[in-house]
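Welcome, and please open the structure in your viewer. We will go from stop to stop, selecting a few residues each time and looking at what is there.

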Amino acid sequence: MTAVLALFIIIFLLLNFSDRTLNRAENLNRDTNAEPAGGEEQADQSQILNVTVSMDENEFSKLKEATNSYQMKHANTMVKLTNIVDEGDGYAQWKKALELGAAPDVMLMDSEWVREFAVRGLLNPVDVPSTSDTMAERPARLLDPLRWNSYLWGIPVDADPYVTVWNKALLAEAGLSKPPADWDAFGNLLHKLESGGQEWQAIYAEPHNVASLLVWLDEWTAEGEEAGAAYLHFDSKAVQEQLKRLESISGRITATALADYSLSTGTQMVEQHIAAASIPWSVYSKLSAKEQSKLLLDKGAIHDVWLGSRSYVVAGTSKVKEEAFTWIKEMVEIAGQQQSYATTGKLPAKNSLYTGSDNIQESGTAGAGSPPQWWLKVLNGEPSAQPTDPDWHERWMHAQQLWRQYAEGEITMKAFVQAIGTSL
């Protein structure tokens with residue numbers, strides 16, 4: 001009886017051990033295929049990378065597609081994308097989050113903000129050795145706003161500078177085949193238009209962005225003179241002189257006439273007798289050849305460029321810095337491909353893509369595979385403006401508010417100029 005009991009106990013233990021072994025194997029298999037659920041084992045299996053950008057829906061959709069492709073190759077990184085639809089909200093949100101140590105790992109921000117956040121110790125410097133092949137292709141002027149204390153603090157993605165275009169028909173009426181070379185010549189053009197007896201405007205600037213106005217002002221800053229209107233260094237004597245010029249033509253500046261400027265700038269400028277307009281390159285490059293033929297792009301005026309550049313940065317508090325820079329590197333390479341330029345019209349931050357012929361529409365028409373080569377000289381020139389200072393953004397937002405008030409008819413140009421002067 002004792003032997004039978006002992007045999008029964010042995011069989012029971014063997015069966016129980018087999019069931020537990022099988023259950024353990026099944027659990028291990030199930031855990032391997034499951035989404036990380038948290039805890040210490042999650043860090044070994046999947047790193048969460050939080051990325052926040054600010055872009056239009058079409059561009060964000062393409063970023064999601066690129067990120068999906070990235071995750072197919074990097075199964076241990078889960079990328080969570082967030083889009084701030086209103087670009088103006090990005091600065092305040094990121095600044096607060098960075099100061100609280102609660103920022104996303106990666107942010108796509110205006111390049112002019114980067115130095116301020118770097119000085120405050122809120123960003124991670126770029127790991128140059130691991131990104132050297134990527135950074136070697138970046139235009140010098142796109143890298144300059146990202147430098148501080150001998151380090152780079154961001155990786156540029158693209159640029160969308162403002163350019164000045166002229167109404168060929170109005171220039172011809174005044175006997176000109178090219179834009180006026182200086183302010184005196186511009187004054188002569190306006191005098192001739194005045195004597196023509198028809199309604200006309202001297203300049204159109206975008207109502208939602210004061211950079212449009214300030215870049216056009218910099219057109220009248222001669223080479224070698226102190227510039228900087230585009231960067232809002234209002235203590236500059238040159239800028240003070242430019243503001244006086246603005247007031248002198250206050251009745252001939254419009255910020256509302258071309259509400260649909262992105263559709264047919266050339267036709268609208270001709271029909272509304274507008275002599276010049278300051279618009280983003282991405283708008284001009286998307287115009288049809290027919291529309292571009294009505295305009296004259298003033299390449300000679302592009303000497304102190306408002307770049308409209310964007311860069312990826314990594315928060316100083318990020319726990320996944322290596323993964324962050326790996327993702328950025330791949331996204332920048334995708335953004336720097338030729339089809340991206342054809343889609344967005346924004347200038348890529350990659351020198352090797354500037355292979356477009358300067359003779360085709362002299363500009364790089366929409367649908368062209370690559371931007372024109374003449375942009376390379378501009379984007380790789382010596383920076384001519386002063387670096388941004390800690391108070392830059394505050395002054396910028398003040399000027400933005402005043403410009404919108406002018407565009408909406410709440411204040412006059414004289415009041416706009418005086419308000420900026422008072423704020424110095």
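Begin by selecting helix H3, residues 57–73. At 1.5 Å a residue, its 17 residues should span 24 Å, and the end C-alpha atoms are 25 Å apart, which agrees. Keep in mind along the way that this is a predicted model.

Now colour the buried residues of H3: Glu59, Phe60, Leu63, Ala66, Thr67 and Tyr70. They cover an arc of only 120 degrees around the axis, which puts them on the same side of H3. An α-helix has 3.6 residues a turn, so residues three or four places apart point the same way. Turn to the face away from the buried side and you will find the exposed residues Glu57 and Met72. Before leaving, zoom in on the start of H3, where a side-chain oxygen of Asp56 comes to within 3.2 Å of the backbone nitrogen of Asn58.

Next, select helix H4, residues 90–100. Which of its residues are buried? They are Gly90, Tyr91, Trp94, Ala97 and Leu98. Look down the axis of H4: these buried residues fall within an arc of 145 degrees, so they line one face of the helix. On the face turned away from them sit the exposed residues Ala92, Lys96 and Leu100.

To see what covers the buried residues of H4, show its surroundings; among them are strand E1 (47–53), helix H5 (111–119) and helix H18 (392–407). Strands E3 (106–110), E4 (123–124) and E13 (310–315) are also part of this cover. Just past H4, click on Gly101, which has a positive phi of about 75 degrees.

The next stop is a sheet. Select its 5 strands, which run in the order E10-E9-E11-E8-E12 and form an open sheet with mixed pairing. At the edges are E10 (253–254) and E12 (295–297), each of which pairs on one side only.

Now pick out E11, residues 274–280. All 7 of its 7 residues are buried, so E11 is largely enclosed by the rest of the structure. How does E11 pair with strand E8 (residues 162–167), and over how many bridges? The pairing is antiparallel, over 5 bridges. Label Trp166 and you will see Ala276 of E11 opposite; Val165 likewise stands opposite Ala277 in E11. With strand E9 (residues 201–205), E11 pairs in the parallel sense over 4 bridges. Here Ala205 is opposite Ser278 of E11.

Stay in this region and select Arg252, in the loop between helix H11 (237–248) and E10. Its side chain makes a polar contact with the side chain of Glu194, at 3.2 Å. Beyond its neighbours within four places in sequence, Arg252 is in contact with Glu194, Glu199, Trp200, Gln201, Ala202 and Ile203.

Finish with two backbone details. Most residues other than glycine have a negative phi. His273, in the loop between helix H12 (261–271) and E11, has a positive phi of about 55 degrees although it is not a glycine. His273 is partly exposed, with a relative accessible area of 25%. Then go to Ser150, in the loop between strand E5 (147–148) and strand E6 (151–152). Ser150 is not a glycine either, and its phi is positive at about 70 degrees. Is Ser150 buried or exposed? Ser150 is exposed, with a relative accessible area of 80%.

Definitions and conventions: Residues are numbered from 1 along each chain as its sequence is written. Side-chain values use heavy atoms; hydrogens and water are left out. Helices (H or I, at least four residues) and strands (E, at least two) are DSSP runs, numbered from the N terminus. Buried means under 20% relative accessible area, exposed over 50%, partly exposed in between (1.4 Å probe, protein chains only). The arc is that of the directions from the helix axis to the C-beta atoms. Contact means heavy atoms within 4.5 Å. Two strands pair if DSSP finds at least two bridges between them. A polar contact is a pair of N or O atoms within 3.5 Å; within protein, one must be able to donate a hydrogen and the other to accept it, and residues adjacent in sequence count only if both atoms are side-chain atoms. The expected span of a helix is 1.5 Å times one less than its number of residues.
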